[in-house]
Structure formats: structure tokens, C-alpha cells
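Visitor: I would like to learn how to read a model of this kind, going from domains to ligands and then to helices. Could you take me through it?

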Amino acid sequence: MAVYTDVSEPQLSAFLEAYDLGTLLSYKGIAEGVENSNFLLRTTGGTFILTLYEKRVARGDLPFFVGLMLHLASRGLSCPLPVEARDRETLRDLAGRPAAVFTFLEGMWTRRPGVPECRDVGAALAGMHAAASDFSGTRPNALSVDAWRPLAESCGADADRVEPGLSAEIAAELDAIEAAWPQHLPTGVIHADLFPDNVFFLGGQLSGLIDFYFACNDILAYDLAICLCAWCFEADGAFNVTKGRAMIEAYRRVRPLSEVEIVALPILARGAAMRFLLTRLYDWLNVPDGSFVTKKDPKEYLRKSRFHRTVRSAADYGIEMDCP
Ligand SMILES: Nc1ncnc2c1ncn2[C@@H]1O[C@H](COP(=O)(O)OP(=O)(O)O)[C@@H](O)[C@H]1O
Ligand SMILES: N[C@@H](CCOP(=O)(O)O)C(=O)O
């Protein structure tokens, strides 16, 4: 579930008085999502999304996120637009939480992405990287390689409750990742969580990207590695090289990858699998049932991590070395 903070109708009507959105017709909580509380809002001015930012999103980061969405939209990328109140502000307080209203993005996320969706996501990701290249805001990645060891240590031996030997396996894999993590690859603003539930499709076309609340500055090709992890595995755990090839080729047509980025892709993918294994593991062990955060299965990313350790080169992801 993802309505952690309740909002009463009088509270919401009073909140909307600051906007030029007409009067409230209806609102309802949206079950999907993990981090924040989201409501579908209908007013005489249209349909909107109301987001209340919960504790895991730092208030100080909100101007970066809404500024990024405004910037990307101004560069033609389809994403929710923060709606300004009459005082031109996009962020205010509601029910004790920071809150913002966004334009409604038509479409639905795809539960079973196929090759065409993987291709569309590759192109959209590169388009986002290009569109963000002149964004002036910066935000360090709080969940990059330096953060993984402390996260693993905070799980400690409890990881072995998820699978015997897991804490030692994670420590060994972190040794390998830290030793080989690339230092000089092109960086920029990355989405950092472009999973299928954050990409909408409408009538077979990609209609937009949502959920920029992990966006940050980091290695651009690491974002592609995250997408390979999130989109290109089958339900039985097998990596689908056709999907990988479609995604990477579509990405390269919009933003060419240098040879060093291609060579680094396997270690970046190991890092991506580790990042989601660790955050899922942490939540699995620490978040009480029925609490703030929806828990996702860490073992899915353990299996992906093990696959990436078998990869010998980027060719195993379907990469064509002679593609422009
Ligand atoms: N601008 C939007 N337009 C349409 N639906 C949205 C929009 N923003 C969020 N949603 C809906 O809310 C759900 C949760 O949003 P998301 O940003 O992923 O939440 P969280 O940050 O909590 O993970 C999405 O899956 C989608 O159904
Ligand atoms: N994509 C992450 C969890 C974050 O969920 P989101 O709803 O904010 O995209 C994962 O799968 O572990």
C-alpha cells in the first residue's frame, strides 16, 4: 500500500485554495508505490496527482526533484509536471507532510515487458540523460557504491535468515565490486530507479516516466545497468539477451556509449544488482509488517547478482560492438 498519511476532505479543500485548480470533486488514495503517499485528485480544473512526501524522502531534496521534472518537461521529456500554486510555489505542507500536486500522466505500467518495451525504455533513458545534461541542480547518490558496505553491515548476520551464507556472499561480492568500480566514466543526472512500475505505456507507446525520487548525479551507464537488471530478466530468472540487445541498441542510438562504458557494463550491472539486493534486504529485515514501506523480495536481486557474476563481457548482454 502507499497511502501512509490520511488527508481529510476539509484539509484538502483548504490546501487547494492556494491553487487555481477549481474546486475538489473527488480524491482517492493510490495503492501502488513504495515511498510516498499518492492520491488521484479530480477538481473542476482537471485530474491531478497529489503526493505527500514521507519520512524517507528528505525535505531538502525536494527542490532538486521538482526542478528536475520541470527541466525535463521543458526539454520535451514526458513526465509529471509540478503544478504551481498562485504564489508560484510547487511545494507546500499538507497533513504535516511536504506535498505537491502534479499533472496526471496517461498510461499504465507494463507487468510483462517485452522486447518493444525494453527498446522504448532504452531510448527514453538515453533521452532523459540527454535532456538532463544542462540541468543545474545536483544531488549526490546516497545509494551509490560507498553506501553499500555500511548498508550490508547494518544487516549483518541477519542476512543469513533470508538465505544461509548470504552475509558472507554479500561481503565477498562487495570486495569485488569495490575493487573494480570504475572511477572515470561519464556522469550526469540519472533516474536511478527506472523500473517497469515507473514507465507508462499508452496504446503500445511509451507515454512517460514517473517517480524521480531517487534521481541523483552518478555514472550514466550505471542507469542503463539498473534498467538491464529491472527489465531484461524473465520470471524464471533467465536473462533475456534479446531484450538486453534491444535496450542497449536503442540507448546507443540516442546517446552513444564509449568503449570504456561498454567494458564497464558488467561491473556496473553487478553494482546495480547489489544496490537493490541491499535495500530490499534492509527493508525485509528491518521494516515491521504493515508499516511505512512496502517490502520487495531481496532474493530476486540475489539471483540477478549471481547471474551478473557469470558474465564475461558486455557481449553477454547482447551488445553489438560495431553499433554506432
Ligand atoms: N503523474 C502521475 N500520473 C499518473 N499516475 C501517477 C502519477 N504519479 C504517480 N502515479 C501513480 O501513483 C503510483 C505511485 O507513484 P510513485 O511515484 O511510483 O510512488 P512512490 O514514490 O511511492 O514509489 C504509480 O504507480 C501511479 O499509479
Ligand atoms: N524499485 C525498487 C523499489 C522502489 O520502488 P518505487 O515504487 O519507488 O519504484 C525495488 O524494486 O527494489
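Guide: What follows is a conversation about domains, ligand shells and helix packing. Please keep in mind throughout that this is a predicted model.

Visitor: Into which domains is the chain divided?

Guide: The chain is divided into domain 1, covering 9–103, and domain 2, covering 109–317. Taken over C-alpha atoms, the centres of domain 1 and domain 2 are separated by 27 Å.

Visitor: How many residues of each domain are in contact with the other?

Guide: As a general idea, the size of an interface is often given as the accessible area lost when the parts come together. Here we can count residues instead, and 20 residues of domain 1 are in contact with 19 residues of domain 2. On the side of domain 1 that touches domain 2, the classes are ten nonpolar, four polar and six charged residues.

Visitor: Where does ligand 1 lie with respect to the domains?

Guide: Ligand 1 lies between domain 1 (9–103) and domain 2 (109–317), because both of them give residues to its shell. There are 18 residues around ligand 1, and those that come nearest are Glu-32, Gly-33, Pro-80, Leu-105 and Asp-211. Sorted by class, the shell around ligand 1 holds ten nonpolar, four polar and four charged residues.

Visitor: Which residues are around ligand 2, and how do they divide by class?

Guide: The residues around ligand 2 include Gly-33, Val-34 and Glu-35, and further along the chain Asp-193, Phe-195, Asp-197, Asn-198, Asp-211, Phe-276, Thr-279, Arg-280 and Lys-296. By class, this shell has six charged, three polar and three nonpolar residues. Domain 1 (9–103) and domain 2 (109–317) each supply at least three residues to the shell around ligand 2.

Visitor: Let us turn to the helices. At what angle do H8 and H9 pack?

Guide: Two packed helices are described by the angle between their axes and the distance between the axes. For H8 and helix H9 (residues 298–310), the angle is about 160° and the axes are 8 Å apart. H8 and H9 are therefore roughly antiparallel to each other, and H8 passes H9 in a left-handed crossing. Among the residues that meet are Pro-266, Ala-269, Phe-276, Arg-280 and Trp-284 in H8, with Pro-298, Tyr-301, Lys-304 and His-308 among those in H9. The residues of this contact divide into eleven nonpolar, two polar and four charged. Phe-276 and Arg-280, which take part in the contact of H8 with H9, are also listed around ligand 2.

Visitor: How does H4 pack against H8, and which residues make the contact?

Guide: Helix H4 (residues 145–155) and helix H8 (residues 259–286) pack at an angle of about 35°, and their axes are 10 Å apart. The crossing in which H4 passes H8 is left-handed. On the H4 side the contact is made by Val-145, Trp-148, Leu-151, Ala-152, Ser-154 and Cys-155, while the H8 side includes Gly-271, Met-274, Leu-278 and Tyr-282. Ten nonpolar, two polar and one charged residues make up the contact of H4 with H8.

Visitor: Is the crossing of H6 and H7 left-handed or right-handed?

Guide: The crossing of H6 and H7 is right-handed. Helix H6 (residues 220–231) packs with helix H7 (residues 241–254) at an angle of about 150°, with 10 Å between the axes, and that makes H6 roughly antiparallel to H7. Leu-224, Cys-227, Leu-228 and Trp-231 in H6 meet Lys-243, Gly-244, Met-247 and Tyr-251 in H7, a contact with six nonpolar, one polar and one charged residues.

Conventions:
Residues numbered from 1 in each chain as written. Chains lettered and ligands numbered in written order. Predicted model: local features only at pLDDT ≥ 70, side-chain atom pairs only at ≥ 80, totals over all residues. Near = placed C-beta within 6 Å. Nonpolar A, V, L, I, M, F, W, Y, C, P; charged D, E, K, R; others polar. Domains from an automatic or database assignment. Axes fitted to C-alpha atoms, helices over the stretch in contact; angles between N-to-C directions. Helix = DSSP H or I, 4+ residues; strand = E, 2+ residues; numbered from the N terminus. Left-handed = near helix turned anticlockwise from the far one by under 90°. Contact = placed C-beta atoms within 7 Å. Parallel < 35°, antiparallel > 145°, perpendicular 65-115°, else oblique.
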